[in-house]
Amino acid sequence: MDDDFEFADKVPPSFDSMQDAVKNAEAKGFNPGLIVLLVVVGLLLIFLVGNYLLYMYAQKNLPPKKKKPVSKKKMKKERLKQGVSAPGE
């Protein structure tokens, strides 16, 4: 009867290695998925900030966009709408 409980205080080797794996997992460092997420978010932030800075630079330094010339027909229509007679009529 005493032989049955001979190994009661000992842990089988397979379970012992599992406990070591759990302890080592905490000591390894960052999760690789977390690192990828941080890199992607960092690149996205750099892209957005860079676009904003380029936009602000363009607003200050580039000349304003030229408007398309208005056709003579449209000018006549606008003048008639406003009640001003077109010259020569």
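**Exercise 1. Decide whether Lys 68 is buried or exposed, and place this lysine in the chain.**

Solution. Start with the relative accessibility of Lys 68, which is 76% in this predicted model. Next, recall the cut-off: a residue is called exposed when its relative accessible area is over 50%. Lys 68 therefore counts as exposed. Now look for its place: Lys 68 lies in the loop between α2 and α3. Finally, check its company. Together with Lys 65, Lys 73, Lys 74, Lys 77 and Lys 81, Lys 68 forms a positive surface patch.

**Exercise 2. Describe the fold of the chain and find out which helix has the highest confidence.**

Solution. Begin by counting elements: the chain has three helices and zero strands. Reading along the sequence gives the pattern α-α-α. Then turn to pLDDT, which averages 79 over the chain, with 63% of the residues scoring at least 70. Confidence is highest in α2, at a mean of 96, and lowest in α1 (residues 13–27), at 61. Where pLDDT is low, the predicted coordinates should not be read in detail.

**Exercise 3. Work out how much of the chain is buried, then look at helix α3.**

Solution. Take the whole chain first: 1% of its 89 residues count as buried. The chain exposes about 9,400 Å², and 65% of this comes from carbon and sulfur atoms. Now move to α3, residues 72–82: among its 11 residues, the number buried is zero. Just after α3 comes Gly 83, with a positive phi near 90°.

**Exercise 4. Find the nonpolar surface patch that includes Leu 37.**

Solution. First locate Leu 37: this residue belongs to helix α2, which spans residues 32–61. Then gather its partners in the patch, among them Phe 30, Leu 34, Ile 35, Leu 38 and Ile 46. To finish, note the area of this patch, about 1,000 Å².

Definitions and conventions:
Residues numbered from 1 in each chain as written. Predicted model: local features only at pLDDT ≥ 70, side-chain atom pairs only at ≥ 80, totals over all residues. Heavy atoms only, no water. Patch = residues over 30% accessible without salt bridge, like charges linked within 9 Å, V, L, I, M, F, W, Y side chains within 5 Å. Areas by Shrake-Rupley, 256 points an atom, 1.4 Å probe, with all protein chains shown as cover. Salt bridge = Lys/Arg side-chain N within 4 Å of Asp/Glu carboxyl O. Helix = DSSP H or I, 4+ residues; strand = E, 2+ residues; numbered from the N terminus. Buried < 20%, exposed > 50% of the residue type's maximum accessible area, 1.4 Å probe, protein only. Lys, Arg positive; Asp, Glu negative; His and termini not counted. Charge placed at Lys NZ, Arg CZ, Asp CG, Glu CD. pLDDT = per-residue confidence, 0-100.
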